[in-house]
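Visitor: I'm new to looking at protein models and I get lost quickly. Please pick one part of this one and take me through it up close, then show me how it fits with the rest.

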Amino acid sequence: MALVGFLQAQNCTTIPAAWRQPDARLDFTTADYYRHIGRTLERGCFDLGFFDDRLAMPDMYAGDHEHTVENGIRCVKLDPTVVLTAMGMATEHVGLGATYSTTYHQPFHVARVFSTLDHLTGGRAAWNVVTSVNDNEARNMGFDHGLEHDARYDQADEFMEVVHGHWDTWEDDALVLDRPNGLFARGDKVHRLDHRGEHYISRGPFTVPRTPQGHPVVIQAGQSGRGQRFAARWGEVIFASNLRLASAKVQYDKLKVEAANLGRNPDHLKLATLMFPVVGRTHAEAEDRRAAFDSLARDIDELSLLSEGLNFDFSTKGVDDTFNEAELAALSGIQAIRDRVMERAGSAEPTVRDFMRITGRASLSHAIVGDPVEIADYMEEWFTTPACDGFVIGCSHQPAGLEQFVDLVVPELQRRGLFRSEYRGSTLRDHLGLPIPQPGEWKGA
Ligand SMILES: Cc1cc2nc3c(=O)[nH]c(=O)nc-3n(C[C@H](O)[C@H](O)[C@H](O)COP(=O)(O)O)c2cc1C
């Protein structure tokens with residue numbers, strides 16, 4: 001079973017109420033905060049921790065950031081690759097992932113950042129490839145609006161071809177480092193990419209030699225039809241968000257079939273499903289923890305995160321106002337959020353209140369709450385069905401939520417033989433059981 005820590009280089013976890021918890025650490029701008037989280041992940045033998053990212057504050061609600069900063073709604077966002085470097089220098093084994101957008105960066109730059117990280121961490125780097133979700137990111141990065149949903153993925157396909165192209169341009173034995181004879185590297189083993197496509201021009205030669213993992217591990221979390229096709233083509237670790245075992249199983253099987261149809265080995269894609277565990281020594285203690293946590297959540301957290309995720313200003317409607325068919329179709333952010341509401345609202349015209357209740361983006365409403373045995377039972381069932389190859393562990397607040405999981409649930413998973421008790425290899429690919437990719441392998445997909 002793979003375990004991935006879902007991390008944020010920000011003032012709270014994904015849930016704004018996190019910073020309001022009495023035992024949350026508030027030194028989120030210090031290296032020590034991230035070093036501590038990294039060491040905790042490593043103590044729990046996690047495969048990796050990864051930082052999510054968004055290139056804007058969630059200030060879509062009422063078009064204003066005052067509520068965002070006053071309520072501390074994911075308003076601080078540090079650069080995840082810099083934070084990752086600090087974490088990498090404080091750890092030895094745990095893999096380290098960060099999110100970078102294909103829509104707002106140049107492929108040469110991204111290829112170089114993650115290759116550098118892979119070298120400096122001895123082969124522990126991963127890149128979570130996202131296409132970005134809302135217009136506020138566009139407005140920070142040189143545009144008025146984001147690209148249309150599927151067009152983002154079309155552009156991202158070319159982005160990935162350029163990145164992989166550069167990653168492959170130094171052959172494994174290009175570096176010679178022969179000081180007596182004055183030969184640094186073989187000229188015939190370092191190639192120029194010379195890419196000229198619809199969206200990108202990138203010549204090369206690339207300036208970072210091939211990395212310990214061949215190239216960093218590629219993470220992807222597309223949930224829509226177009227997004228899942230992209231994930232099946234490029235992803236090595238796939239994140240999914242699914243609350244029901246039956247539909248998770250369908251998604252899991254579909255991904256593996258889709259990857260096989262593209263000529264990929266389905267075992268070389270690891271699907272990790274998102275879960276928010278709230279654990280206590282007893283069930284009652286876990287329920288108390290959830291209740292205490294949610295007592296500090298606010299409606300504005302929910303409305304602000306819905307606006308951000310769906311690229312729509314929810315302040316333009318009252319809580320009992322409905323969305324008609326045309327309005328639903330126009331929601332252009334994370335379509336999986338909209339689709340979940342349409343599936344569960346019990347009405348073709350869901351209200352704002354339905355969105356708040358069903359998505360629960362700002363509370364622990366979808367958490368798995370229980371003692372260590374109950375949480376491990378849940379994970380074992382999903383893993384052995386199989387509906388996933390592992391889990392992305394979201395935390396209520398840091399570092400307490402992560403520490404509770406590591407101290408209470410991980411030993412139970414280890415006792416059952418579901419999870420490692422020590423690291424056996426040194427790279428992230430070793431932990432995940434992923435081979436070093438052959439140069440040009442991606443071209444087949
Ligand atoms: C566990 C997980 C983590 C994600 N992290 C990010 C992130 O850091 N930044 C981001 O813009 N999107 C993130 N996403 C959103 C996905 O990249 C994707 O846009 C979303 O799942 C919807 O799929 P679609 O793009 O195919 O509509 C994440 C999704 C999941 C399930």
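Guide: Let's zoom in on helix 7 and its partners, then step out to the ligand, the domains and a few backbone details. Keep in mind that this is a predicted model.

Two packed helices are described by the angle between their axes and the distance between the axes. With that in hand, find helix 7, which covers residues 225-234, and look for helix 6, residues 149-167, packed against it. Their axes are 9 Å apart and meet at an angle of about 10°. Angles under 35 degrees count as roughly parallel, so helix 6 is roughly parallel to helix 7. The way helix 6 passes helix 7 is a left-handed crossing. From helix 6, the residues that make the contact are Asp150, Tyr153, Ala156, Asp157 and Met160. Helix 7 answers with Arg226, Gly227, Phe230 and Trp234. Sort these contact residues by class and you get five nonpolar, one polar and three charged.

Now turn to another neighbour of helix 7, which is helix 8 (residues 245-261). The axes of helix 7 and helix 8 come within 9 Å, and they cross at roughly 55°. That angle makes helix 7 oblique to helix 8. The crossing of this pair is right-handed, whereas helix 6 passes helix 7 in a left-handed one. Here helix 7 uses Gln228, Arg229 and Ala232, and helix 8 brings Leu255, Glu258 and Ala259. This contact has three nonpolar, one polar and two charged residues.

Go back to Gly227 for a moment. You've met Gly227 in the contact with helix 6, and Gly227 is also among the closest residues to the ligand, together with Asp52, Ala221, Gln223 and Ser224. In total, 20 residues surround the ligand. Strand 4 (125-130) and helix 12 (335-344) are the elements that give two or more residues to this shell. As for the chemistry of the shell, eight of its residues are nonpolar, nine are polar and three are charged.

The ligand is also a handy place to think about domains. The domain assignment gives domain 1, made of 2-294 and 364-444, and domain 2, spanning 303-359. The shell around the ligand takes at least three residues from each of domain 1 and domain 2. The C-alpha centres of the two domains lie 27 Å apart. Where the domains touch, 15 residues of domain 1 are in contact with 15 residues of domain 2. The domain 1 side of that contact has six nonpolar, eight polar and one charged residue.

Let's compare our helix pairs with one elsewhere in the chain. Helix 1 (residues 31-43) and helix 15 (residues 400-415) have axes that come within 9 Å and cross at roughly 15°. That makes helix 1 roughly parallel to helix 15. Their crossing is left-handed. Ile37, Thr40 and Arg43 of helix 1 make the contact with Leu402, Glu403 and Val406 of helix 15. By class, this contact has three nonpolar, one polar and two charged residues.

Helix 15 leads us to some backbone details. Proline 399 sits in the loop between strand 14 and helix 15, and the peptide bond from glutamine 398 to proline 399 is cis, with omega near -5°. On the other side of strand 14 (390-393) is the loop that runs between helix 14 (372-384) and that strand, where you'll find proline 386. A cis peptide bond joins threonine 385 to proline 386 too, with omega about -15°.

One last stop is alanine 62, in the loop between strand 2 (48-51) and helix 2 (66-71). Alanine 62 isn't a glycine, yet it has a positive phi of about 60°.

Key:
Residues numbered from 1 in each chain as written. Predicted model: local features only at pLDDT ≥ 70, side-chain atom pairs only at ≥ 80, totals over all residues. Axes fitted to C-alpha atoms, helices over the stretch in contact; angles between N-to-C directions. Helix = DSSP H or I, 4+ residues; strand = E, 2+ residues; numbered from the N terminus. Parallel < 35°, antiparallel > 145°, perpendicular 65-115°, else oblique. Left-handed = near helix turned anticlockwise from the far one by under 90°. Contact = placed C-beta atoms within 7 Å. Nonpolar A, V, L, I, M, F, W, Y, C, P; charged D, E, K, R; others polar. Domains from an automatic or database assignment. Near = placed C-beta within 6 Å.
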